[in-house]
Amino acid sequence: MKMRKLFLLLLSCFCQASVVNAAEIRLSDAFSLYDTPKYASGFTHFDYVNPQAPKRGKIVLPAYGGFDNFNPFIFKGIAAPEVAELTLDSLGVSPADDPASVYPLIAAKFERPDDNSFIGFILDKRARFANGDKVTADDVIFSFDSLVKKGSPLYRVYYGDVDRVEKVNDRHVRFYFKKGSNNRELPLILAQFKIYSAKDWSGLDFAKPELRVPLGSGPYLVEKFQPGKYIVLRRNPKYWAENLPSRKGFYNFERIRYDYYQDTTVTLQALFAGNIDVREEYIAKIWMSGYDNDIVKSGKVIRENIAHNHPAVLQFFGFNLRLPKFKDKRVREAIGLAFNFDWANENLFYNQYRRIYSYFTNTGMEATGLPKGRELEILYQYRNALDPDVFNKALTLPSHKTPVETRANLRRAVSLLQEAGYDFIDGKMTYLQTGEALEIEVLSNSANGASFTRVMLPFIDNLKKIGIKMTFRNLETNIFKNRLDNFDFEMAILALGVSQMPGNEQKEMWGSAAADVHGSYNIMGIKNPVADKLIDRLIAAHDQKEFQASVRALDRVLLHEHYMIPQWYSPYQRVAYRAGKLAHPSTSLKTGFNIFTWWAQK
């Protein structure tokens with residue numbers, strides 16, 4: 001009797017604890033980092049797609065460089081990222097018009113406790129790989145473990161706050177976070193990694209580059225390919241998620257072919273010849289003058305400026321901070337003063353571009369003027385480690401609108417170099433302690449190097465006037481990547497995508513832990529303890545005001561160090577396509593160009 005009472009008492013306590021735990025965990029169809037998700041439960045499709053888009057036709061797209069493997073998540077080899085994008089699904093989807101939220105894909109439900117100590121994914125029972133196998137918790141765990149243990153080293157940084165992964169059952173998996181982790185973005189980024197089949201990889205080495213096509217659960221299958229030449233994908237007629245709200249209106253072509261080119265300019269003639277169907281134009285001069293022909297005038301090729309709300313791609317000249325010559329920020333600032341954007345925009349770009357002025361240009365979170373409000377309060381906590389200029393000097397980019405301004409910028413550059421221990425010796429800007437003249441090699445890749453030559457010439461000429469020799473080298477894409485991955489460069493023309501909700505990826509891009517990781521996005525090798533703390537702050541921010549202030553503070557600290565020389569961006573995506581063959585949704589939302597929302601007219 002006593003044992004029975006004890007059992008009932010224990011059962012009662014267990015049930016009460018279960019009720020408490022259940023109350024602490026939220027199960028939802030979608031979640032947002034800060035606000036309520038835009039789309040309510042039961043939504044049928046995202047607002048920027050055509051849910052009735054026909055599924056038909058073929059499209060030929062340009063790709064650049066080459067490929068020797070189909071796994072873009074490893075360090076070795078040159079991958080074809082299009083294959084992973086189109087053949088693999090993720091746990092959730094973050095749409096272009098609500099990037100801070102996650103909606104169902106492989107995961108049908110999301111499980112989040114009030115203390116943010118883990119994220120749980122309850123998998124859709126309909127989720128299938130292309131061979132009909134169910135997607136299970138084992139596949140999710142295998143994919144995550146492969147990324148962290150055998151993938152590119154940057155993933156160890158990216159997912160560094162994950163403590164362990166637990167399989168609750170075949171359709172339920174939880175990612176527990178390290179104690180003390182304040183990484184509020186982690187649930188969102190964990191919803192976005194691609195899911196492989198554990199069974200398909202059995203006995204194989206995930207880290208080895210190869211041209212075996214992995215089994216996926218995405219909308220397309222690889223039909224045929226020739227390494228470095230082309231890839232053809234066909235739509236999976238049994239795609240399990242075709243009618244999910246997060247997939248409705250997407251992936252409408254029966255076949256997608258990628259033809260590989262080494263130069264973006266060559267694809268213009270490919271478009272006119274009908275060898276490709278659409279191309280995005282990256283060169284302003286070509287957009288203004290390269291389409292002046294009968295093909296365009298007759299309406300066979302349509303040009304369109306598509307407005308977007310995307311953060312500006314961070315395009316810049318990046319210094320290799322590991323080199324002694326670039327340790328002093330006065331040297332970096334001096335070199336930046338010689339870059340004449342105004343001349344290039346007027347004479348080369350037809351005034352189509354705007355200058356990038358922030359690490360987060362076009363996000364609304366740029367550090368402008370002097371710090372104030374919450375941003376100032378945050379920065380003041382690190383005042384002993386920061387240059388007083390962070391608080392007292394509003395950063396402005398050098399103006400070169402007149403020759404007078406250019407001469408003033410070059411005089412300022414000489415003054416900065418002299419403060420840093422340089423001076424003229426035989427007409428060369430020389431470091432007086434070593435007698436070494438300041439010479440710089442700038443690398444670019446063949447996909448855009450030809451267009452940059454025109455930009456570089458006045459930059460090189462301005463530096464020559466102050467005793468600095470700059471040379472410009474245009475490398476094949478694969479060689480360029482290899483040089484960057486191994487930190488074998490002095491300066492390079494770089495471009496990094498910027499998130500609308502900056503978060504965990506900032507550790508990869510600017511965090512000290514990533515600076516010595518080969519293949520990481522911290523190509524320049526930034527090691528700044530205050531920036532590290534500010535990255536942690538923005539990741540941990542509990543409300544939007546704190547988040548935005550932390551992003552501005554990080555931006556200001558990075559800008560004051562002159563790690564890069566910012567280039568330019570366009571508020572539009574310039575797209576040209578074959579008339580009568582393609583159509584795209586009509587929407588007032590500035591979600592930009594996404595070919596996978598387009599469809600074939602016939």
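This report covers aromatic pairs, charges over rings and one buried loop residue in a predicted model.

## Aromatic pairs

A pair of aromatic rings is described by the distance of the centres and the angle of the planes. The whole structure holds 51 aromatic pairs. One of them joins Tyr39 and Phe43. Their ring centres lie 5.1 Å apart and their planes meet at 35°, so this pair is tilted. Tyr39 and Phe43 are both buried.

Tyr196 and Trp201 form another pair. Here the centres are 5.7 Å apart and the planes stand at 85°, so the arrangement is edge-to-face. The cut-off for edge-to-face is over 60 degrees. Tyr196 has a relative accessible area of 2% and is therefore buried. Trp201 is at 5% relative accessibility, so Trp201 also counts as buried.

## Charges over rings

Trp201 has a further partner: Arg212 lies over the face of the Trp201 ring. The distance from Arg212 to that ring centre is 4.7 Å.

Trp287 is covered in a similar way. Arg303 lies over the face of Trp287. Arg303 is 4.9 Å from the ring centre.

## Gln567 in its loop

Gln567 sits in the loop between strand 23 (564-566) and strand 24 (568-569). Is this residue buried or exposed? Gln567 has 0% relative accessibility, so Gln567 counts as buried; the limit for buried is under 20%.

Which residues touch Gln567, leaving aside neighbours within four places in sequence? Gln567 contacts Gln315, Phe316 and Phe317, then Phe341. Arg354, Arg355 and Ile356 are also in contact with Gln567. Phe452 and Ile493 complete the list.

Terms used
Residues numbered from 1 in each chain as written. Predicted model: local features only at pLDDT ≥ 70, side-chain atom pairs only at ≥ 80, totals over all residues. Heavy atoms only, no water. Phe/Tyr/Trp six-rings, centres within 6.5 Å; stacked < 30°, edge-to-face > 60°. Buried < 20%, exposed > 50% of the residue type's maximum accessible area, 1.4 Å probe, protein only. Lys NZ or Arg CZ within 6 Å of the ring centre and 35° of its normal. Helix = DSSP H or I, 4+ residues; strand = E, 2+ residues; numbered from the N terminus. Contact = heavy atoms within 4.5 Å.
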